[in-house]
Amino acid sequence: MENALSPLRLALGLLAVNSRWFKSSFCVAWLTTTASVMALTPEQLSQLPAAPKHTVDFAREIKPILEARCVNCHGHGRAKGDFRVDTRDTFLQGGSSGKAVVPGKSAESYVIELVMGFDPDNVMPRKGTKLTREQIALLRAWIDQGMKWEQDFSFARSEPLNLTPRRPKLPAGREPNPIDRLLAPYFAANKIKPSKPVDDRVFARRAYLDVIGLLPPPAELESFVADKTKDKRAQLIRRLLADNENYALHWMSFWNDMLRNDYKGTGYIDGGRKQITQWLYSSLETNKPYDRFVAELVNPTPECEGFTKGIVWRGVVNASQTPQMQAAQNISQVFMGVNLKCASCHDSFINDWQLADAYSLASVYADGPLELVECDKPTGKTASPKFIYPQLGELETSTNKGVRLDHLAKIITQREDGRLTRTLVNRFWQQFFGRGLVEPVDDMEKPAWNADLLDWLAEDFADHGYDVKHLIQTMLTSRAYQLPPVPLTEQTTTAYVFRGPQVRRMSAEQFRDAVGALAAAWYDKPAAPIVRSNGRTNHFAAVRAALVPADTLQIALGRPNREQVVTVRSSTATTLQALELTNGSELAALLARGADSTMARHAGATNEKLVLETYQKALGRKPTTKELKTACELVGQPVQKAGVEDLMWSLAMLPEFQLIH
Amino acid sequence: MNTNLNWSRRDFLKTAGAATLSALAAGFPRAVLSNEADVEKLKATADTVIVLWMGGGMAHTETFDPKRYTPFKKGMSADSFLSTFPSIDTSVDHIKFSAGLERMASVMDRGTLIRSYTAGDLGFILHSRHQYQWHTGYAPPQTVAAPHLGAIIARTLGPLNPAVPAFINIGQRFDNGEAEELKAFTTAGFLGSEYGPFNIPFPDQAADTVRPPRGMTPGRFEDRNKFYKKLLAASPIGTHGSDYQRESLLRSMDNAHRLLSSPAAKAFDLSLEPLDSIRKYVPGYQPGQKFEAKRDRFGAKYEDEMVGRFGLGCLLARRLTEVGARFVEVTTEYIPFLNWDTHENGHTRLEAMKKQIDAPIAQLVLDLEARGLLDRTLMVLASEFSRDALIEGKPDKKVKDQVEVPEKVEDPKHYGMHRHFTDAGCVLLYGGGVKKGHLHGLTADERPCKTIKDRVVIEDLHASIFRAVGISPKLAYEIEKRPFYVTRDGEGEPINELFA
């Protein structure tokens, strides 16, 4: 009886989808017809497109049609209407409406009737573009010719990519940095002759901004340029990484975006959200190993529970936004590079994740059993606590949440989890090179453009005790990082070829801090008390942008509202940003302060001296003769305050200032 | 004034396109039409949308849907009054307004009144949540940052005049309680900040937003730009090649500079408006008059002292519409417990609220009409929900009472609509192709004064606004590889009866 009922229940379940994203009619394909194979009328037969005479090629002609039009519902682990096109066998088995095909007889095959759309209420595919007559003709020929299938090919859900550790062999070579050894065959294959590394000034500016988020102070820059030591670049990276305070203040923003931590925002007002600022700062300042960092977030102490507690919105929220579901979504996205958002409402249409996967992970965080709710409609099914990748180990089905969380943290951070490490490696590569090894960075089931590089770096990272600074050191001392900047062009994902770091734009915080250094104007005090590892509270050399809530300037420059996880910020310049930079009161006030202090320092000096210093501070170089002349004219002699403000503004507006070359 | 409206979207794309291209090149944000082929093309009946936002919950029975009036009497029972004002006639026979809206009553023949707007069931009734839903069409929270109605229109249609930001938001400050919640929907969300709001919190200071920074003369401003260009040309790094980052940066600077020095920027400057014309929006206005009431909780005098601020916002909206604004929102401003958010003294405070809106809205209708702009401008007056003296939420879906209502009203401060009522609400539409002198929807004449005919929900109201500007409710933008529809799940249906 149960068996006989199940298709009906399935049908009802699917009808109830009434999806957040698609009309409900989308899903019910193979179930609504009562009889399975009905003979076509002579009139309908006459409408069928004639099958082409040539022998069809499954891989070239049929697979793309199935891939584009069928497998979203009948492949990749889905079986709408109990029908799967995974393999020739499952195709032949048919679904709950009966046989789908009769090999050799396309005119008698139900699938042809459906794609022809003879019954307007029952057309395949349900959603999206219908098949063209040419495509139907090809399908007919394929069926008539006996449905040849590619050996061992399947549309079934494949083994997840980038999940288990893999240690590629490091190619031999003279390059000291493993990244360059790994890239050598890649460059050879793509016929790229790597250019000469950038000069010291460009390198230093990159390194300072990338490691500590600040412009190189002129004195440090000049002594670096003058330094004749052979490995001075590696030394510089080490020195910057050792600046724990500024390292932490730079990377705070990156992690605040990902962990949705801020000083103000929805939920904080009534205890529906909890800061993790102290924990985060300390973790970064002490360079907490990444496996511990993640384990603490997954199985939190009160200090860092804000991440998995999520945001409790007042009022009724839909089932995909319960705190447990937020935890499931955010853990998957941030640490594993997996998007569970769709699947937390219904089986995803964009990837293979299903409602049950999302609920299984969410229920690890639930205090009691969680019922699966599909598009806000209860299903009657209960989720059992599981991690999204059972390949990494079965989760203990303890009724004790503490035990479950402890075990979950162990599963995610175990040495055999090659996804955790790859996801982080990829995020850092994206930060430093402008584009991930895998793109988008939150879709780690996509192949990397250089799997050996990703896999090797991930293993090396784990081998070195999940030391994030080691990872940064490895990346930033590579020749690859020192290649000339590559302009961002309209490169499509498939055509991407790595030639060097892309030109990037400063983040809101980097810009604000750069202007802060130029104008010697910082914020007054941190928004939250932060105890440093030396025991002192809120004792910072400068109150940088990351320590305060977003102001108008930072918002305009793209510091996000942290209600959603943000892993990549948009770096596009917009008119509204430019307006804020052109006439916003915050920047104007900073420049006025900067002009005052600069003039006080240069009292009685020539305008030339002032211009020289300003160029050094802003751009890390001397002005050219032409620039010097123009800038002196702008500043005036005697020096005018308005002129100094306008010089600082003009320099700060230059792409040379705002972009990271 | 430059009223050149012939700027086409194509012209705009020529100037702003690089920014978009660069976004695409970077693969982020992925905001592209995912279903262009599926979307039917609608013929627009409006080029501009002006939303007049009555933030805080405007009681329908005290404004555009008056019911039986019971004057205040010490000791009256709390369930004895449905309206605390008498009704007045409007220029349309069968439509009555509440007293205090005489000017608006006189122009009712220009518009359509919806009396059956029903807010969503979001559980615990919170202004910011319902405002989020009204402005984005989605109930918060969402897994992606949902864009504001104005941002969707800005993204889909672009600016009408490239020198005027496509989405202008007038009158809301973001330093009050619930400010973070307001910010969550006053945004372009995943569409990207290019389409975000151009915020003008103080209409009387609007000129500052398009002027050189305070203290900078126009001459110095121009000089600064010239020197910047010279230094840019002289900068040896990154002056050649075609990097999108660089191009979008330079183009954005040019756009900003053009906007700031464009003739259209004068539209922001209310000091250029003749005094007698300002006084039609703000009776008794004195040049330089400031609106700076103290924001005390339950400040009974607050609304009185702020009469005029919203009027200036409406005047600004008119001036911006004249030079080619695409989407403008003017709010009476939402501040918890102030303006329309009447938890006590409802009657007295509504007198002031009606003073705030009556003259300017009527004048805006008349001015746009006189300039021949009303036909192509859709004005939408709305609020997140209504109010009632007794019922919190909907009659059949009771939620926790948030306001104490005594059984016997001894103190005048308890005379008014103090609870949040979600089962009815008024929306006024003028111009942009809607019917004139039309009434849509009906509410009960006895408590609960709820919708009993032609219920209107946010999806359909949005679909109607989109229909007016020629956008299909099924239009979707792609984010994280999934479609995000401009009305929830693409299910909004335009209410065709509203249109002429």
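Modeller: A nonpolar core is a set of buried Ala, Val, Leu, Ile, Met, Phe, Trp, Tyr and Cys residues joined through C-beta atoms within 7 Å. This is a predicted model, in which local features need pLDDT of at least 70 and side-chain atom pairs pLDDT 80 or more, while totals for chains, interfaces and linings use all residues. Residues are numbered from 1 along each chain as written, with chains lettered from A and ligands numbered from 1 in written order.

Colleague: Which helix gives the most to the largest nonpolar core?

Modeller: The largest nonpolar core has 282 residues, and those touching the most other members include A358(A), M648(A) and V49(B). Helices are DSSP runs of H or I, at least four residues, numbered from the N terminus. With 9 residues, the leading contributor is chain B's helix α12 (residues 346–370).

Colleague: Which residues does M379(B) touch, beyond four places away in sequence?

Modeller: M379(B) is among the core members that touch the most others. Contact requires C-beta atoms, placed from the backbone, within 7 Å. The partners of M379(B) are I50(B), L52(B), L364(B), V365(B), L429(B), Y430(B) and G431(B).

Colleague: Which element gives the most to the side of chain B that touches chain A?

Modeller: Chain A brings 66 residues to the contact and chain B brings 69. Elements of chain B giving two or more residues include α1 (9–25) and α7 (218–234). With 13 residues, the greatest share comes from α8(B).

Colleague: What percentage of chain A is buried?

Modeller: The C-alpha atoms of chain A fill a box of roughly 100 × 60 × 50 Å along the principal axes. A residue is buried if 20 or more other C-beta atoms lie within 10 Å of its own. Of the 661 residues in chain A, the buried portion is 49%.

Notes:
Buried ≥ 20, exposed ≤ 12 C-beta atoms within 10 Å, placed from the backbone. Contact = placed C-beta atoms within 7 Å.
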